[in-house]
Protein chains: 2
Amino acid sequence: MLDDLAVILFRPKYPENIGSVARACLNMGVTRLILVAPYNLDLDKARPLATSHARHILDTALVVDTLAEAVQGFTAVYGTTARTGGWRKGIMSPATLAGVVDERLRSGGRVALLFGPEDTGLTNDETSICSGLMTIPTSREGTSLNLAQAVVVVLYECFKRALDAPFTPDGPPEERATTVQEQEALFENLRETLLAIDFLKDDNPDYWMLPVRRFFAKINLRRNEFNLLMGVCRQVRWFVDRHAPKR
Amino acid sequence: MLDDLAVILFRPKYPENIGSVARACLNMGVTRLILVAPYNLDLDKARPLATSHARHILDTALVVDTLAEAVQGFTAVYGTTARTGGWRKGIMSPATLAGVVDERLRSGGRVALLFGPEDTGLTNDETSICSGLMTIPTSREGTSLNLAQAVVVVLYECFKRALDAPFTPDGPPEERATTVQEQEALFENLRETLLAIDFLKDDNPDYWMLPVRRFFAKINLRRNEFNLLMGVCRQVRWFVDRHAPKR
């Protein structure tokens with residue numbers, strides 16, 4: 001049902017939770033599970049929680065070492081966080097996220113939902129790659145959800161949304177959504193370009209890139225738009241190289 | 001937050017699930033947990049899943065032998081089922097249920113959400129006491145949710161709804177919602193009365209009472225309306241006793 005939606009568990013600690021997540025995926029029509037550097041991948045402990053029905057999801061889960069490998073091929077990644085302070089503004093509710101995910105999937109995108117380790121959650125290192133963040137509302141007395149329960153709530157919202165209206169992916173290939181790698185390549189290009197024209201400050205360009213990243217996270221960037229922007233960056237840098245005083 | 005909402009687990013099998021349910025309750029602002037004849041109440045196995053934060057919910061859980069004891073004092077009980085066939089029509093989605101629960105709580109009611117054993121779910125014996133039934137949408141490939149995951153999804157919908165608008169219970173005492181016991185007393189009275197006037201068939205009156213039960217489940221019956229109906233029944237039976245030919 002949600003064939004182009006995947007769940008990424010970043011450094012999960014307990015194999016039981018991995019099993020429970022596999023079962024939750026099956027319940028909500030998701031079959032792709034990706035595990036980034038699991039702390040303990042003891043399948044004997046994970047399988048009973050997955051139950052026999054979801055065993056195939058567990059057994060075909062992709063296990064990788066880094067988040068960069070995990071997000072390869074996805075057009076958008078949404079992270080889950082319980083920490084909503086600081087610059088983590090504009091954080092979505094699961095219902096809002098479900099609408100965004102639905103829109104992305106309909107336009108032919110491939111979406112990953114990213115969940116952090118049980119004890120610490122995602123750090124800024126991981127959330128910086130995300131197209132958006134989401135938090136599950138909780139009572140003030142208990143803000144920390146079990147990992148598999150967080151997954152089932154988010155997937156339930158996505159599944160509910162998918163039930164409301166079946167998918168109709170469309171559009172020619174050049175209008176396909178860009179992958180996370182393409183977006184990262186564009187950010188890298190933009191960063192260098194904006195540095196070249198002294199728009200970004202040299203001392204901490206990544207910090208000044210955050211609003212740029214947020215701007216693009218909002219846009220479901222297509223391949224032809226990506227080509228256009230990459231071309232503009234190239235041209236600006238050619239111009240700077242040729243005309244600007246060397247530093 | 002959801003002080004007048006409780007979770008009843010009917011004959012849960014695994015203590016780990018009881019612990020996970022306690023944690024889910026805490027996350028979603030519910031503090032009342034009732035256990036009906038748990039198969040294995042091994043607190044050493046339940047507590048780690050509850051985490052220290054939800055330990056008080058586990059430790060203060062009410063343990064009873066029968067469902068009748070569990071529902072005492074509640075004004076409405078909603079059951080969860082994965083079986084949606086047969087007469088189990090008009091089954092609500094969790095979102096619809098959350099709206100109904102919200103309305104009941106606002107009018108001063110006390111609501112219980114009932115979940116069956118992990119393997120078999122609720123049987124007709126248990127669902128017959130319910131004011132309504134609800135099912136969580138799932139993919140066709142995996143229709144059976146983990147007990148604690150089912151609980152967290154349903155509570156999440158109720159919590160979300162409660163966040164949208166704070167409660168404002170109101171109304172004088174005689175307009176308070178009737179308890180499940182009062183409703184059962186009324187059904188018993190109606191049953192005897194409808195039998196006395198030959199409205200119900202003698203061979204299976206409980207079956208013919210089902211539409212009557214469904215009708216009253218829709219109505220948030222108040223204490224003064226209950227008194228009125230009990231009085232009408234009493235009068236009808238007095239009249240029958242006095243005037244009808246003895247059988």
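This passage describes the overall build of chain A and then some helix contacts and loop residues of chain B, all taken from a predicted model.

A good place to start is the general form of chain A. This chain contains 10 helices and six strands. Along its principal axes, the C-alpha atoms occupy a box of roughly 65 × 40 × 30 Å. For a chain of 247 residues, a compact globule would be expected to have a radius of gyration near 18 Å, and the value of 19 Å for chain A agrees with this. Of these 247 residues, 51% count as buried. The contacts within chain A can also be sorted by distance along the sequence. Among contacts with a separation of 6 or more, 82% join residues that lie 24 or more positions apart.

Attention now turns to chain B, and to how pairs of its helices pack. Helix 1 (residues 15-27) and helix 7 (residues 147-164) of chain B have axes that come within 8 Å and cross at roughly 15°. Because angles under 35 degrees count as roughly parallel, helix 1 and helix 7 of chain B are described as roughly parallel to each other. Their crossing is right-handed. On the side of helix 1 of chain B, the contact involves N17(B), S20(B), V21(B), A24(B) and C25(B), which meet L147(B), A148(B), V151(B), V152(B) and L155(B) of helix 7 of chain B. Sorted by class, this contact has eight nonpolar residues, two polar residues and no charged residues.

A second pair in chain B gives another example. The axes of helix 8 (residues 180-196) and helix 9 (residues 205-218) of chain B come within 11 Å, with a crossing angle of roughly 130°. This angle makes helix 8 of chain B oblique to helix 9 of chain B. The crossing of these two helices is right-handed. Helix 8 of chain B contributes E184(B), L186(B), F187(B), L190(B), R191(B), L194(B) and L195(B) to the contact, while helix 9 of chain B contributes P205(B), D206(B), M209(B), V212(B), R213(B) and F216(B). In this contact there are nine nonpolar and four charged residues, and no polar ones.

One of the residues in that contact, R213(B), can be followed a little further. R213(B) sits in helix 9 of chain B and is partly exposed, with a relative accessible area of 21%. Leaving aside residues up to four places away in sequence, R213(B) touches S128(B), I129(B), E184(B) and F187(B). In addition, R213(B) and Q183(B) are separated by 30 residues in sequence, yet their C-alpha atoms are 9.2 Å apart in space.

Finally, two loop residues of chain B deserve a look for their backbone angles. Most residues other than glycine have a negative phi. A37(B), however, has a phi near 45°, a positive value in a residue other than glycine. A37(B) belongs to the loop between strand 2 (32-36) and helix 2 (43-50) of chain B, and its relative accessibility of 29% makes A37(B) partly exposed. T51(B) also has a positive phi, near 65°, and is likewise a residue other than glycine. The loop that holds T51(B) runs between helix 2 and helix 3 (55-59) of chain B. With a relative accessible area of 22%, T51(B) is partly exposed.

Conventions
Residues are numbered from 1 along each chain as its sequence is written. Chains are lettered from A and ligands numbered from 1 in the order in which they are written. This is a predicted model: local features need pLDDT of at least 70, side-chain atom pairs count only at pLDDT 80 or more; totals for chains, interfaces and linings use all residues. Side-chain values use heavy atoms; hydrogens and water are left out. Axes are lines fitted to C-alpha atoms, for helices over the stretch in contact, and angles run from 0 to 180 degrees between N-to-C directions. Helices (H or I, at least four residues) and strands (E, at least two) are DSSP runs, numbered from the N terminus. Angles under 35 degrees count as roughly parallel, over 145 as roughly antiparallel, 65 to 115 as roughly perpendicular and the rest as oblique. A crossing is left-handed if the near helix is turned anticlockwise from the far one by less than a right angle, and right-handed if clockwise. Contact means heavy atoms within 4.5 Å. Ala, Val, Leu, Ile, Met, Phe, Trp, Tyr, Cys and Pro count as nonpolar, Asp, Glu, Lys and Arg as charged, and the others, Gly among them, as polar. The radius of gyration is taken over C-alpha atoms; the globule rule is 2.2 Å times the number of residues to the power 0.38. Buried means under 20% relative accessible area, exposed over 50%, partly exposed in between (1.4 Å probe, protein chains only).
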